[in-house]
Amino acid sequence: MTAAVHIPEYEDEELRAGEELAREPAFWLAHLLLTLGHGDEEPEAYGIAEEAYDAMLERLGDAEAPGPVLRVPFSRGHTACVAYQNFEDESVIDFFVHHPDWGRLGFLGQHGPHGSGPGLSWRELTALARSAGEHDPAGLCDEARRLLLLLPVLGDADTPPEAQRAVAEALVAVGLRAETARELAARLVDEPGLAHQPRWSVTTGSPIPVCSSDYSPRQIPLALGITEEQAHVLAEALAGSH
């Protein structure tokens, strides 16, 4: 049995470490298609057996079991988390940042019936994927997996053209078929789920960038209420600086 994960500020303490799922290509296809809202596609097109894909969907949507949480530790003791939660009438996927010195969470977004986002700019996403910070052995260390796990909360008008190639390469690295990886990467990068492409900027009140989208939890600075020093440390971590 996988270990329990306790995050004091999180409303559901029935979480289980889910990093072992990252070893299975079916998880990556399910994670990305579910967050696109296209979970019923044919998995064979991506090189995934239908039986493995269906079993993964059942595992991720099991309301009787504690939800899996996958973690991306990054610099200065921060951890980005992706938590699956299943209830009798709905399922959601939460994206948030946690730090042991905070008394709150920094929400990046949610996929579900009442979803929100985006939660990361392209610069932040790649900084977290490449972070050379103190990696928790329980978290994901592989850059491709870290990138794909947090990709569903990307939304950025300044996402560069080479982002599609980077995502396609990551998809192949986790076991998806190369022939269809480029098409899927284009959909993942170009579908913000918003009426307009959001932009990111730093305001005078905080060093942490905020998002222009009305649907983003980051219309206000991430983890609002942490100390000024903690905000500066978080801003540096998100930017990939030390």
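## Starting on helix α6

E183 sits in helix α6 (residues 178–190); helices here are DSSP runs of H or I with at least four residues, strands are E runs of at least two, and both are numbered from the N terminus. With a relative accessibility of 41%, E183 counts as partly exposed, since that label covers everything between buried (under 20% relative accessible area) and exposed (over 50%), using a 1.4 Å probe and protein chains only. A168 is 15 residues away from E183 in sequence, and their C-alpha atoms are 8.2 Å apart in space.

Before going further, keep in mind that this is a predicted model, where local features need pLDDT of at least 70, side-chain atom pairs count only at pLDDT 80 or more, and totals for chains, interfaces and linings use all residues. Residues are numbered from 1 along each chain as its sequence is written, and side-chain values use heavy atoms, with hydrogens and water left out.

## Salt bridges: R59 and E20

Side chains of opposite charge can pair when their charged atoms come close. The cut-off used here for a salt bridge is a side-chain nitrogen of Lys or Arg within 4 Å of a carboxyl oxygen of Asp or Glu. By that rule, the model has 9 salt bridges.

One of them pairs R59 with E20, at 3.1 Å from N to O. R59 belongs to helix α2 (residues 50–60) and E20 to the loop between β2 (15–17) and α1 (25–36), so this contact ties together parts that lie 39 residues apart in sequence. The two ends sit differently with respect to the surface: R59 is partly exposed at 41% relative accessibility, while E20 is buried at 19%.

## Two further pairs

R76 and E236 also form a salt bridge, with an N to O distance of 3.5 Å. This one links distant parts of the chain, 160 residues apart: R76 is in the loop between β3 (67–74) and β4 (78–86), and E236 is in helix α7 (residues 228–239). Both ends fall in the middle accessibility class, R76 being partly exposed at 39% and E236 partly exposed at 31%.

Then there is E143 with R130, whose closest N and O atoms are 3.5 Å apart. Here the pair runs from helix α4 (residues 143–150), home of E143, to helix α3 (residues 122–130), home of R130, and the two are 13 residues apart. E143 is partly exposed with a relative accessible area of 42%, whereas R130 counts as exposed at 56%. As for shared partners, salt bridges join E20, E24 and R59 into one network.

## Backbone oddities

Which residues does a cis peptide bond join? They are G117 and P118, with omega at about 5°. P118 lies in the loop between β6 (106–111) and α3.

Positive phi values turn up in residues that aren't glycine, too. R76, back from the salt-bridge section, has phi near 65°, and its place is the loop between β3 and β4. A223 has a positive phi of about 60° although it is not a glycine. You'll find A223 in the loop between β8 (210–211) and α7. Is A223 buried or exposed? At 5% relative accessibility, A223 counts as buried, whereas R76 is partly exposed at 39%.
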